[in-house]
Amino acid sequence: MGKRQDEALKTRQKLIEAVNALVEEKGYNEIRIEEITEKAEVAKGTFYVYFKRKEDLIAAATFEKFDIFKRESLEVSGGIEVQIAYFLKRSTELIEEGSLARAQQWLRSGVAPLEEDSIVAAKLKYDREFIEECICRAVEMSKLRKSTPVEKLAVQIVSQYYGSLCLWCISNGKISMQRLIDDFCSMHLARLFDKYQNKNRKLKSKERRE
């Protein structure tokens, strides 16, 4: 990597760190681009070299953390349900470790009204596409049948994830998102894939249990 590219990455990271700090202080809606560049100690014009809008920077900052979980989940040994469970659980831990008020504001900004290019819509697309990618990979490796309804299963899984997020927010933290996701992963996730497993793999799995 050249010096110019290295400097560009450092500047981009400064902007991401600045917006993360500002979100913690005042939430998404109140942040101005001038505040971001001031905190990052860069010129206002520099912002537009890397991002078109404030929302694009916030999305980049959000997805940067979840990208780590994506990479880690693919390295976890076990079936597809283990990899997806890892991603869901780590993502949930990160969300609950943050501010409940921040999560409530984030969710509210996405559903009132839900804009096509909102951060929440982008995150939903991000999660759904990753789960679809995991399922497709399992099909390609012959762990699941070619007839496996990839999109349908991915929607079922993300509905549990976002449903748990909603309950956590609506209950004002009384219902744990982590507990809901843990229960879903341990009780239901593997069953979603049971009937789509190739017969020879199901037999081997049964033999190991016996």
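The structure, which is a predicted model, holds 0 disulfides. Why do cysteine 166 and cysteine 169 form no bond with each other? The sulfur of cysteine 166 has its closest cysteine sulfur in cysteine 169, and at 6.8 Å that partner is too far for a bond, because a disulfide needs two cysteine sulfur atoms within 2.5 Å. Seen from the other side, cysteine 169 is likewise in no disulfide, with the sulfur of cysteine 166 as its nearest at 6.8 Å. The surroundings of the two can be described as well: cysteine 166 is partly exposed, with a relative accessible area of 28%, whereas cysteine 169 counts as buried at 7% relative accessibility.

From these cysteines we can turn to the interior of the chain. The largest nonpolar core has 60 residues, and those that touch the most other members are Ile84, Leu88, Ile135, Ile157, Leu165, Leu189 and Phe193. Several helices give two or more residues to this core, among them helix 1 (3-26), helix 5 (80-97), helix 7 (119-140) and helix 9 (177-194), while the largest share, 10 residues, comes from helix 8. Phenylalanine 193 shows how such a residue is surrounded: once its neighbours within four places in sequence are left aside, phenylalanine 193 is in contact with Ile80, Glu81, Ile84, Ile135, Leu144, Leu153 and Ile157.

Helix 1 deserves a careful look of its own. With 24 residues at 1.5 Å a residue, helix 1 should span 34 Å, and its end C-alpha atoms lie 35 Å apart, which agrees with that expectation. Which residues of helix 1 are buried? They are Thr11, Leu15, Ile16, Ala18, Val19, Asn20, Leu22 and Val23. A helix pattern helps in reading such a list, since an α-helix has 3.6 residues a turn, so residues three or four places apart point the same way. Asparagine 20, which lies in helix 1, counts as buried because its relative accessibility is 17%, and buried means under 20%. Not counting residues up to four places away in sequence, asparagine 20 touches Ala61, Lys65 and Arg102. After helix 1 comes glycine 27, whose phi is positive, near 85°.

Finally, the reader should consider how confident the prediction is. The chain averages a pLDDT of 87, and 90% of the residues score at least 70. Over residues 205-210, however, the pLDDT is below 50, and this stretch has 0 contacts in the model beyond near neighbours in sequence. Where pLDDT is low, the predicted coordinates should not be read in detail.

Note on methods: Residues are numbered from 1 along each chain as its sequence is written. This is a predicted model: local features need pLDDT of at least 70, side-chain atom pairs count only at pLDDT 80 or more; totals for chains, interfaces and linings use all residues. Side-chain values use heavy atoms; hydrogens and water are left out. pLDDT is the predictor's confidence in each residue, from 0 to 100. Contact means heavy atoms within 4.5 Å. A nonpolar core is a set of buried Ala, Val, Leu, Ile, Met, Phe, Trp, Tyr and Cys residues joined through side-chain atoms within 4.5 Å. Buried means under 20% relative accessible area, exposed over 50%, partly exposed in between (1.4 Å probe, protein chains only). Helices (H or I, at least four residues) and strands (E, at least two) are DSSP runs, numbered from the N terminus. The expected span of a helix is 1.5 Å times one less than its number of residues.
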